Amino acid sequence: MTLAFVFDSVGFGEWFVLLAVVLIVVGPRRLPSAARTLGQYYSKFRRAADNFKRQLMDMDTEFDRAAREVERTVDDGAAASSTASSTESAAYPGHEAASAAGTGGQA
């Protein structure tokens, strides 16, 4: 959330009323310390939100890396399987025909 959104959605009169209520509730003497405390809480909130966002981005990066690794493993396994299959066919040329004949012609 940007501050521009907050400032654009609240008009001058609303800000004036809000400031007056805060001044009445907090008091003029405690207003600086209350504003400082509010700023500290806002800073902590921003750090926590940024940390959370960073963790989500790291998880997304790790997920993408794991997905690529699985994809590569599957591709390597398929390539190895087709290589073994073609090697077997070359080593035993009648193997597929004998295999089909042994099952009654059903492959």
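**Pocket and patch in a predicted model**

Helix H2 has the highest mean pLDDT of the elements, 89, and helix H4 (residues 95-102) the lowest, 53. The model is predicted: local features need pLDDT of at least 70, and side-chain atom pairs count only at 80 or more, while totals for chains, interfaces and linings use all residues. Numbering runs from 1 along each chain, and side-chain values use heavy atoms, without hydrogens and water.

Me: What makes H2 a helix?
Reply: Helices are DSSP runs of H or I, at least four residues. H2 spans 12-26.

Me: What does pLDDT say about the protein chain?
Reply: pLDDT is the predictor's confidence in each residue, from 0 to 100. The chain's mean is 79, and 69% of its residues reach 70 or more.

Me: Why are residues of the largest pocket's lining called nonpolar?
Reply: Ala, Val, Leu, Ile, Met, Phe, Trp, Tyr, Cys and Pro count as nonpolar; Asp, Glu, Lys and Arg as charged; the others, Gly among them, as polar. The lining divides into 9 nonpolar, 1 polar and no charged. Leu18, Val22 and Tyr42 are among the lining residues, so they count as nonpolar.

Me: Which helix gives the largest share of that lining?
Reply: H3, with 6 residues.

Notes: 1 Å grid on protein atoms, 1.4 Å probe; cavity = no way out; pocket = protein on both sides within 12 Å on 5 of 7 lines; lining within 4 Å. Helix = DSSP H or I, 4+ residues; strand = E, 2+ residues; numbered from the N terminus.
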